[in-house]
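Colleague: Hi! I'm new to this one, could you walk me through it?

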Amino acid sequence: MNKQIVLLPGDGIGTEVIKSAQEVLIAVAEEFGHQFSFETHDIGGSAVDKHGTPLPEATVEACKQADAVLLGAVGGPKWDELPSHLRPERGLLGIRKALNLFANLRPVKGFPKLLHASPLKEEVVKGSDLLIVRELIGGLYFGQPSERRDNGETVVDTLSYTKKEIEQVVDKAFQSAQLRRKQLTSVDKANVLESSKLWREVVEEKKTAYPDVSVEHLLVDAAAMKLITNPGQFDVIVTENMFGDILSDEASVLTGSLGMLPSASLREDGVGLYEPVHGSAPDIAGKGVANPLAMILSSALMLRHSFHLENEAELIESAVQSILNEGYYTADLQVKDGQQVGTKEMTRLIVELIKSQNTTKSIQNCYA
Ligand code: IPM
Ligand code: MN
């Protein structure tokens, strides 16, 4: 298979962990006889420094030509004082919109070795395995341009959705549920917001097309509470952009390991952008200690969702599982009696495992 991948390292530890993902992909390509070519482009704060914009036109063009995009992370205190149109986050929002990546998949599954680090009791979090499907290019993030009126004393942000925008992400969530435990929880605020009422109507309309999937509706405040009191009750959660942003951060710590969580942002034809859920971690950037596993797992999601290379994706995921089981960990994790390693060493261990065990299929597909 021949594929063109754009790498967007971005800022902070993004530049370190993206190299890890690239090395892993090169090893996978060698093992399975694929041709992956890579092109690197600027985004975020480093693009502001070099080009005066967080999203250069050349970056957008390259991503549009690519089969898939891997992104490290954007942002950092260096750029915090910039006006909002120049902030690094604008680069990320802009590329999501430019590529029409309407569905953001954030799987949350605990690795047994790390569960003790969860802020929740181990018995509460044990066995949790959920997927948040977040609408990514609508809602408050992309309403009519935000405004300040009355000399700055009144502000307006707009939450708008078309029925079609809701339908496409709800369809994606139903389809994801069909590949998993067939339970869909739609999260909204239908007791207050008009957009949520439409959201609920769409889910009700769509469910007849997916009779094998059971559906419940939850208000977002109750969902936030249930996520920490009984996370095991969830399979797939679908929700609008801002609720999904907040709930996915909440869910990400359940398993005690923000540094482990990958994400996929997809459009209909399978083109996608893959990035870790964690940020650019400026405090540890450049020290060689960042955990590359969320980025590496994101590259596995790319193989699965954009290239339909299921065996290759599972090999990466099983390599990560094995390395943790062997007791290796990076500074952000705490593994009792394990051995702490840096970014490069962790990557080398994964690459070695991929090269030596390309037939291992030890863990089930938990990131579908
Ligand atoms: C995320 C991030 C972004 C978002 C920020 C950096 C704009 O928090 O990917 O969840 O809010 O979508
Ligand atoms: Mn977020």
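Modeller: Happy to; we can chat about the ligand and then about salt bridges.

Colleague: Great. What kind of model is this?

Modeller: This is a predicted model, where local features need pLDDT of at least 70, side-chain atom pairs count only at pLDDT 80 or more, and totals for chains, interfaces and linings use all residues. Residues are numbered from 1 along each chain as its sequence is written, chains are lettered from A and ligands numbered from 1 in the order in which they are written, and side-chain values use heavy atoms, with hydrogens and water left out.

Colleague: Thanks! Which residues surround ligand 1?

Modeller: Around ligand 1 you'll find Glu89, Arg96, Arg106, Arg134, Tyr141 and Asp245. To be near, a residue needs one of its heavy atoms within 4 Å of the molecule.

Colleague: And how many of that shell are charged?

Modeller: The shell has 5 charged residues, 1 nonpolar and no polar. Here Asp, Glu, Lys and Arg count as charged, Ala, Val, Leu, Ile, Met, Phe, Trp, Tyr, Cys and Pro as nonpolar, and the others, Gly among them, as polar.

Colleague: Which atom of ligand 1 is 2.6 Å from the side chain of Tyr141?

Modeller: That's an oxygen atom, and its partner in the Tyr141 side chain is an N or O atom. For Arg96, an N or O atom of the side chain is 2.7 Å from an oxygen atom of ligand 1. Asp245 has a polar side-chain atom 2.9 Å from an oxygen of the ligand.

Colleague: How much of ligand 1 does the protein bury?

Modeller: The protein buries 74% of the 320 Å² that ligand 1 exposes when taken alone. These areas come from the Shrake-Rupley method with a 1.4 Å probe.

Colleague: Switching topic: how many salt bridges are there?

Modeller: The count comes to 24, a salt bridge being a side-chain nitrogen of Lys or Arg within 4 Å of a carboxyl oxygen of Asp or Glu.

Colleague: Does Glu89 come up again? Which residue does Glu89 pair with?

Modeller: Glu89 forms a salt bridge with Arg87, and their closest N and O atoms are 3.1 Å apart. Glu89 is partly exposed, at 32% relative accessibility; buried means under 20% relative accessible area, exposed over 50%, and partly exposed in between (1.4 Å probe, protein chains only).

Colleague: What about Arg267, which partner does it have?

Modeller: Arg267 bridges to Asp269, with the closest N and O atoms 2.9 Å apart. Asp269 is exposed at 53%, whereas Arg267 is partly exposed at 24%.

Colleague: Which residues are linked in a network?

Modeller: Salt bridges link Lys109, Asp129, Arg180, Arg181 and Asp235 in a network.

How values were computed:
Polar contact = N/O pair within 3.5 Å; in protein donor to acceptor, adjacent residues only side chain to side chain.
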